[in-house]
2 protein chains.
Amino acid sequence: MSLAPWRSSLARALHRNRSLVYARYLQLATVRPDGRPANRTIVFRGFLEDSDQLEFITDDRSEKIVQIQHQPCGEICWYFPITREQFRIAGLLSLIAADEPNETLRKARQTMWQNLSDAARLQFVWPPSGEVRSPNANFSPNPPDAIEPPCNFCLLLLDPTQVDHLELRGDPQNRYKYDKAEDGEWHKIEVNP
Amino acid sequence: MSLAPWRSSLARALHRNRSLVYARYLQLATVRPDGRPANRTIVFRGFLEDSDQLEFITDDRSEKIVQIQHQPCGEICWYFPITREQFRIAGLLSLIAADEPNETLRKARQTMWQNLSDAARLQFVWPPSGEVRSPNANFSPNPPDAIEPPCNFCLLLLDPTQVDHLELRGDPQNRYKYDKAEDGEWHKIEVNP
């Protein structure tokens with residue numbers, strides 16, 4: 001398949017900001033079951049092979065699971081400090097869990113687990129995030145298996161349908177909107193910043 | 001009034017990250033009228049005097065206006081790169097527009113306008129953001145009056161009801177949740193990161 005037309009701009013931003021670890025951090029907005037928005041920082045983990053889907057990881061004990069099951073639309077906001085540009089990417093979120101039937105996705109989940117750092121893997125055997133912290137809670141458990149992901153480990157995918165790219169450095173500024181049509185084709189327009 | 005208990009942690013983060021201009025940038029999540037989330041970077045402009053309300057600015061031609069009118073709950077996500085900590089602040093959003101009846105808020109809107117840079121003020125007389133860009137669009141208009149804000153200039157306030165503070169630097173990590181009760185009192189608990 002051919003890459004979406006916004007991919008080259010995003011690749012350029014990632015490259016030019018690569019000296020900052022946190023240039024791979026972005027904010028994911030979801031909607032809570034009660035209709036209020038939620039927003040948190042997550043780490044970009046790459047693209048699912050042969051696709052435009054962004055990869056992230058999450059724990060199935062996280063609050064965002066219920067939010068995504070209730071409203072699968074999400075929007076990430078990604079600000080790149082060095083090049084002063086922002087990508088807003090809206091699309092459908094999907095969770096690839098331990099019971100994933102699709103073999104390609106099951107394999108992608110396993111590969112993601114194997115590529116994580118030991119420190120990142122350890123968080124999946126920590127006590128449940130967001131619960132009242134007990135003085136006896138064990139945050140130094142035995143490391144989990146490095147090959148087979150634990151049941152609570154999820155691959156989170158975002159399949160983009162709209163991208164809004166703002167370059168603050170332009171004079172005045174430049175802004176482009178990309179929309180994915182029903183037939184899968186992307187359309188790009190230049191809009192006022 | 002006494003400041004909310006999370007204010008000192010936030011003030012410390014702002015101080016320790018002050019060398020980065022973009023440490024004052026954060027992401028605001030809102031909900032679109034069709035139920036999908038929206039997310040964009042905005043600039044923290046300070047606190048409304050004698051309150052815990054965060055101040056931002058916006059243009060009344062922006063898409064977020066309709067979103068906020070439809071769902072006034074918002075959540076900001078604020079990541080501080082130097083100290084590696086995140087504040088998620090949820091609360092009620094309110095727009096202080098040209099027709100604001102409350103005198104204190106009307107004055108706060110005017111003061112905010114007067115404190116903006118010339119460049120920031122100029123954006124409020126640009127062609128409408130998000131519309132198809134015309135080759136003839138004028139992005140170098142005459143500067144607007146520096147004293148009296150134009151009709152489309154809005155002060156945006158976030159009145160927090162929940163704060164989630166995560167410190168990634170701890171070992172393992174530290175996370176605190178603050179909730180505002182009906183009586184206005186804040187309650188703090190330590191939770192699992």
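This section describes the confidence, symmetry, interface and packing of a predicted two-chain model.

The predicted assembly scores an ipTM of 0.97 and a pTM of 0.98. For chain A, the mean pLDDT is 97, with 100% of its residues reaching 70 or more.

Chain A is superposed on chain B by a rotation of 180 degrees with 0.0 Å of shift along the axis, at an RMSD of 0.0 Å. The two copies are thus related as by a two-fold rotation axis. Within chain A, the C-alpha nearest this axis belongs to Ala29(A) and lies 2.9 Å from the axis. Both copies use the same surface, in that 100% of the contact residues of chain A recur in chain B.

At the interface, 40 residues of chain A are in contact with 40 residues of chain B. Five strands of chain A each supply at least two residues of the side that touches chain B, namely β1 (25-31), β2 (37-43), β4 (73-80), β5 (85-96) and β8 (186-191). The largest share of this side, six residues, is provided by β4(A). Classified by residue type, the side of chain A that touches chain B comprises 22 nonpolar, 11 polar and seven charged residues.

Turning to the interior, the largest nonpolar core contains 68 residues, and those with the most contacts inside this core are Leu155(A) and Leu155(B). When neighbours within four places in sequence are left aside, Leu155(B) is in contact with six residues of chain B: Glu55(B), Ile57(B), Ile96(B), Ala108(B), Arg109(B) and Met112(B). Among these contacts, Glu55(B) and Ile57(B) fall within the range of β3 (54-59) of chain B, while Ile96(B) falls within that of β5 (85-96).

Helix α2 of chain B, spanning residues 63-70, has Lys64(B), Gln67(B) and Ile68(B) as its buried residues. Viewed down the axis of α2(B), these buried residues fall within an arc of 95 degrees, so they line one face of the helix. On the face turned away from the buried side, α2(B) carries the exposed residues Val66(B) and Gln69(B). The cover over the buried residues of α2(B) includes four strands of chain B, namely β1 (25-31), β2 (37-43), β3 (54-59) and β5 (85-96).

Definitions and conventions:
Residues numbered from 1 in each chain as written. Chains lettered and ligands numbered in written order. Predicted model: local features only at pLDDT ≥ 70, side-chain atom pairs only at ≥ 80, totals over all residues. Buried ≥ 20, exposed ≤ 12 C-beta atoms within 10 Å, placed from the backbone. Arc of directions from axis to C-beta. Contact = placed C-beta atoms within 7 Å. pLDDT = per-residue confidence, 0-100. Nonpolar A, V, L, I, M, F, W, Y, C, P; charged D, E, K, R; others polar. Core = buried A, V, L, I, M, F, W, Y, C linked by C-beta atoms within 7 Å. Least-squares fit on C-alpha atoms with pLDDT ≥ 70 in both.
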